[in-house]
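Please open the model in your viewer and keep the selection panel at hand. The tour below proceeds from one selection to the next.

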Amino acid sequence: LLGCKPEQLNPEVYKTRLEFGDALLLCTDGLTGYLSESQIGSIIAQNMSAEESCHCLIDMANDAGGRDNATVILARFVQNDEASTSEAVCAAEVSTA
């Protein structure tokens with residue numbers, strides 16, 4: 001761990017089932033401290049690549065006065081076009097910015 005003590009960490013852990021079409025966002029407070037959930041959700045919902053979405057979110061946070069480092073990881077879960085319905089394949093498009 002860099003920059004903090006383990007006793008200062010208080011992770012939140014959730015278990016959920018992801019389906020094709022879902023997006024998973026991992027980010028720091030450098031993003032959530034400057035953008036609302038609705039602002040973040042509206043960018044993720046747009047038809048952009050994960051990389052484009054990450055850069056857009058960081059640009060928006062910076063434009064909103066972001067003074068903290070922001071880390072954004074976005075994974076979009078899509079069904080491979082070549083997979084049959086009986087053998088669905090999951091691919092993740094991941095980008096960090």
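Begin with the interior of this predicted model. The largest nonpolar core comprises 14 residues. Select Leu-31, Leu-35, Ile-40, Leu-57, Val-72 and Leu-74, which have the most contacts inside this core. Next, colour helix 2 (37–45), helix 3 (50–63) and strand 2 (72–79), the elements that each give two or more residues to the core. Of these contributions, the largest share comes from helix 3, with 5 residues.

**The overall arrangement**

Now display the whole chain as a cartoon. The protein contains 3 helices and 3 strands. When the chain is followed from the N terminus, its elements appear in the order β-α-α-α-β-β. The protein has 97 residues, of which 22% count as buried.

**Helix 2 and its two faces**

Return to helix 2 and select Ile-40, Ile-43 and Ile-44, the buried residues of this helix. Where do they lie around the axis of helix 2? They are on the same side of the helix, because the arc they cover is only 100°. Ile-40 has already been selected, as one of the core residues with the most contacts. Then rotate the view to the face of helix 2 turned away from the buried side, and select Ser-38 and Ala-45; both are exposed residues.

**Arg-76 in strand 2**

Proceed to strand 2 and show the side chain of Arg-76, which lies in this strand. Is Arg-76 buried or exposed? Its relative accessibility is 13%, so Arg-76 counts as buried; the cut-off for a buried residue is under 20%. Keep the side chain of Arg-76 displayed and add the backbone of Ile-44 and Met-48. A polar atom of the Arg-76 side chain lies 3.0 Å from the backbone oxygen of Ile-44. The backbone oxygen of Met-48 is likewise found 3.3 Å from a polar atom of this side chain. Ile-44 is thus met a second time on the tour, having been selected among the buried residues of helix 2.

**A patch on the surface**

Finally, switch to a surface representation and select Leu-18, Leu-24 and Leu-26. These residues make a nonpolar surface patch of about 250 Å². Leu-26 belongs to strand 1, which spans residues 23–27. How does Leu-26 count in terms of accessibility? Leu-26 counts as partly exposed because its relative accessibility is 48%, and partly exposed residues fall between the limits of 20% and 50%.

Note on methods: Residues are numbered from 1 along each chain as its sequence is written. This is a predicted model: local features need pLDDT of at least 70, side-chain atom pairs count only at pLDDT 80 or more; totals for chains, interfaces and linings use all residues. Side-chain values use heavy atoms; hydrogens and water are left out. A nonpolar core is a set of buried Ala, Val, Leu, Ile, Met, Phe, Trp, Tyr and Cys residues joined through side-chain atoms within 4.5 Å. Buried means under 20% relative accessible area, exposed over 50%, partly exposed in between (1.4 Å probe, protein chains only). Helices (H or I, at least four residues) and strands (E, at least two) are DSSP runs, numbered from the N terminus. A polar contact is a pair of N or O atoms within 3.5 Å; within protein, one must be able to donate a hydrogen and the other to accept it, and residues adjacent in sequence count only if both atoms are side-chain atoms. Patches are made of residues with over 30% relative accessible area and no salt bridge: like charges are joined within 9 Å, nonpolar side chains (Val, Leu, Ile, Met, Phe, Trp, Tyr) within 5 Å. Accessible areas come from the Shrake-Rupley method with a 1.4 Å probe; for residues, only the protein chains shown count as cover. A salt bridge is a side-chain nitrogen of Lys or Arg within 4 Å of a carboxyl oxygen of Asp or Glu. The arc is that of the directions from the helix axis to the C-beta atoms.
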